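Work through the exercises below with the model open. Try each task before reading its solution.

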Amino acid sequence: AAKRAGGGCCVVYEASMAGDAAEQVLLQQALRHAVARGELLLYYQPKVDARSGQVHGLEALLRWRHPERGLVSPAVFVPLAERFGLIGEIGNWVIDEACAQLARWHEQGLRCRVAINLSPYQLRNAALPERIAAALEQHRLQPSQLVCEITETAMMENLDAERSVLDQIAALGVRLSIDDFGTGYSSLAHLRNIPARQLKIDRSFVIDLTANADAQAVLEAVVGLAHALRMEVVAEGVETADQHAALVRLGCDILQGYLIARPMPAEAVPQWLEALKAGAGGS
Ligand code: C2E
Ligand code: MG
Ligand code: MG
Ligand code: MG
């Protein structure tokens, strides 16, 4: 069944609804035209400093407004886009739109940082660093205003060519963040070879946190290791006050999740930031 999404205004088309093959073919055909028809949009979910509650940045999360099906979740269409060779075009749109939005906020007097998610397929494109550099320049942004989130698996298992793409992006001054950390099977020793400044602990660890002492021990060890490597630690999927308290106690630097804010349309961000400043959204 359709579910209520963040903002309470939209129906989200979930992965469970895209089950059969015929449905997937229809979606994939429609997706081919989504960029050209202006059907893609970005939602933004805040990340806040664990101790001060101040905003650290915003993560851009892709949505597809399908003419008949409403908002489609990226969990449905990103895998389709990857499978059918459409992720390059879509990923480029995300880079341009996130940079354009940062520039619009800057014009309104809002200085912030935005993280985009990169697919492993995008890392295979040697032109990606140039594309990011061009978008930053076109919108007159500091490279440090942009963060690229890349999943642990994509970051650790890549080949030399992809590694070079990562290094070039980092060399621009763009920060790299390891997304969904803990879901892959990478060796922890490998972490020190990755040019990432930030590590995002997967939501599954946060869910277990308050019920399971072992989960706390794992999290504590990961935080210690990340800090020893001078990386900041983000916890994603924070939904309860108990989780929030535990994560602060365990030394997480940055928190993100429905407890703090759901992903929201760009237009809602300035007001959310205002409310946070005024103390209404802080903790
Ligand atoms: P992700 O990058 O790990 O993003 C976190 C996902 O968890 C988002 O789902 C977010 O809405 C959701 N989330 C945040 N806080 C909570 C919480 O407290 N509880 C729960 N249950 N969920 C929470 P979303 O927006 O559906 O995105 C799903 C995935 O799709 C993302 O996972 C990312 O891997 C991918 N994705 C999203 N946007 C893009 C994009 O622009 N490019 C690419 N390549 N992938 C994207
Ligand atoms: Mg992410
Ligand atoms: Mg994540
Ligand atoms: Mg994820």
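**Exercise 1.** How many bridges join S4 to strand S5 (residues 70-72), and in which sense do the two strands run?

Solution. Three bridges join S4 to S5, and the strands run antiparallel. Strands here are DSSP E runs of at least two residues, helices are H or I runs of at least four, and both are numbered from the N terminus. Two strands count as paired if DSSP finds at least two bridges between them. Next, find a partner: Arg65 is bridged to Leu71 in S5. Then look at the connection: S4 and S5 form a hairpin with three residues between them.

Before going on, note the ground rules. This is a predicted model, in which local features need pLDDT of at least 70, side-chain atom pairs count only at pLDDT 80 or more, and totals for chains, interfaces and linings use all residues. Residues are numbered from 1 along each chain as its sequence is written, chains are lettered from A and ligands numbered from 1 in the order in which they are written, and side-chain values use heavy atoms, with hydrogens and water left out.

**Exercise 2.** Place S4 among its other partners, and decide whether it is buried.

Solution. Start with strand S3 (residues 40-49). It pairs with S4 in the antiparallel sense over nine bridges. Pro46 stands opposite Leu58 in S4. The S3–S4 hairpin has five residues between its strands, and Gly53 takes a positive phi near 80° there. Now take strand S6 (residues 114-117). S4 and S6 pair in the parallel sense over two bridges. Glu59 has Ala115 in S6 as its bridge partner.

Last, check burial. Buried means under 20% relative accessible area, exposed over 50%, and partly exposed in between (1.4 Å probe, protein chains only). In S4 (residues 55-66), 10 of the 12 residues are buried, so the strand is largely enclosed by the rest of the structure.

**Exercise 3.** Which residues coordinate the magnesium ion (ligand 3)?

Solution. List the donors: N, O and S atoms within 2.8 Å of the metal (3.2 Å for Na, K and Ca). Water is not among the atoms, so sites may look incomplete. Asp179 (OD), Asp180 (OD) and Glu236 (OE) coordinate ligand 3 at 2.0 to 2.3 Å. Their spacing along the chain is D-D-x55-E.

Next, look for shared donors. Asp179 bridges the magnesium ions ligand 3 and ligand 2, which lie 3.9 Å apart. Asp179 is buried, at 6% relative accessible area. Asp180 is partly exposed, at 23%, and lies in strand S8. Two Asp180 (OD) entries make up the coordination of the magnesium ion ligand 4, at 2.6 to 2.7 Å. Ligand 4 and ligand 2 are 5.7 Å apart.

**Exercise 4.** Describe helix H8 from its start to its end, and say how its buried residues are arranged.

Solution. Begin with length. H8 (residues 213-228) has 16 residues and reaches 23 Å from first C-alpha to last, close to the 22 Å expected at 1.5 Å a residue. The expected span is 1.5 Å times one less than the number of residues.

Then sort by burial. Ala215, Leu219, Val222, Val223 and Ala226 are the buried residues of H8. Seen down the axis of H8, they fall within an arc of 100°, so they line one face. That arc is taken from the directions from the helix axis to the C-beta atoms. On the other side, Ala213, Asp214 and Ala228 are exposed.

Finish with the ends. At the start of H8, a side-chain oxygen of Asn212 reaches to within 2.8 Å of the backbone nitrogen of Asp214. Arg230 follows H8, with a positive phi near 60°.

How values were computed:
A polar contact is a pair of N or O atoms within 3.5 Å; within protein, one must be able to donate a hydrogen and the other to accept it, and residues adjacent in sequence count only if both atoms are side-chain atoms.
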